[in-house]
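The exercises below concern one protein chain. Each sets a task and then works through it in steps.

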Amino acid sequence: MSERPEIKVTFPGGLRVDAEYKGFVVETDQPVQHGGGGTALAPFDFFLVSIAACAGFYVVAFCREREIPTDKVGVVMRMEKDPLSKLIGKISIEIQLPADFPEKYKKAIVKAVDTCTVKLNIMNAPEFEVVTKYFD
């Protein structure tokens with residue numbers, strides 16, 4: 001693996017955590033009920049949003065390639081927590097299509113969304129390494 005992109009994380013106060021990546025800053029905070037200020041989405045929320053947005057990208061790209069209008073197309077993602085682990089146990093992605101969406105593309109658009117890179121990375125989880133580094 002030759003490329004090693006970096007995300008720089010800073011702590012602007014309270015439980016807020018900012019992550020800078022590719023020239024953008026993603027601001028996060030914890031909900032008020034968890035001691036944060038509720039000023040931004042929590043990091044886990046961004047994780048979920050990234051899955052839904054990735055699915056949406058594949059829907060819009062699929063339609064664009066076939067010159068299908070997307071003004072009446074949508075994506076809704078729902079999550080179910082596993083009662084034992086308290087983690088997400090199931091994610092359901094619903095592609096909402098208008099009645100006049102071409103029948104011949106219904107299975108193909110599902111297959112396209114199945115290639116979402118966020119989903120694929122979850123299904124083929126990376127190795128995680130956490131280390132410390134001291135500095136002056």
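**Exercise 1.** State what share of the protein chain is buried, and describe its overall dimensions.

Solution. Buried residues, those under 20% relative accessible area (exposed is over 50%, partly exposed in between; 1.4 Å probe, protein chains only), make up 18% of the 136 residues. The model is a predicted one, in which local features need pLDDT of at least 70 and side-chain atom pairs count only at pLDDT 80 or more, while totals for chains, interfaces and linings use all residues. Residues are numbered from 1 along each chain as its sequence is written, and side-chain values use heavy atoms, with hydrogens and water left out.

Next, take the dimensions: the C-alpha trace spans about 60 × 40 × 30 Å along its principal axes.

**Exercise 2.** List the order of elements in the protein chain, then judge its spread against the globule rule.

Solution. Helices (H or I, at least four residues) and strands (E, at least two) are DSSP runs, numbered from the N terminus. The protein chain has 3 helices and 5 strands, and from the N terminus on they run β-β-β-α-β-β-α-α. The radius of gyration of the protein chain is 19 Å, well over the 14 Å given by the globule rule for 136 residues, so the chain is more spread out than a compact globule. Here the radius is taken over C-alpha atoms, and the rule is 2.2 Å times the number of residues to the power 0.38.

**Exercise 3.** Find the buried side of helix α2 and what covers the buried residues.

Solution. Start with the buried residues of α2 (residues 106–113): I109, A112 and V113. They lie on the same side of α2 because they cover an arc of only 95 degrees around the axis, the arc being that of the directions from the helix axis to the C-beta atoms. The face turned away from this buried side carries the exposed residues K107 and K111. Finally, the cover over the buried residues of α2 includes α1 (43–65) and β5 (88–96), judged by contact, meaning heavy atoms within 4.5 Å.

**Exercise 4.** Place I93 in its element, classify its exposure and name its contacts.

Solution. I93 lies in strand β5. Its relative accessibility is 30%, so I93 counts as partly exposed. Leaving aside residues up to four places away in sequence, I93 touches I51, A55, V75, V76, M77 and V113. As a last step, consider D114, 21 residues from I93 along the chain: the C-alpha atoms of I93 and D114 are separated by 9.7 Å.
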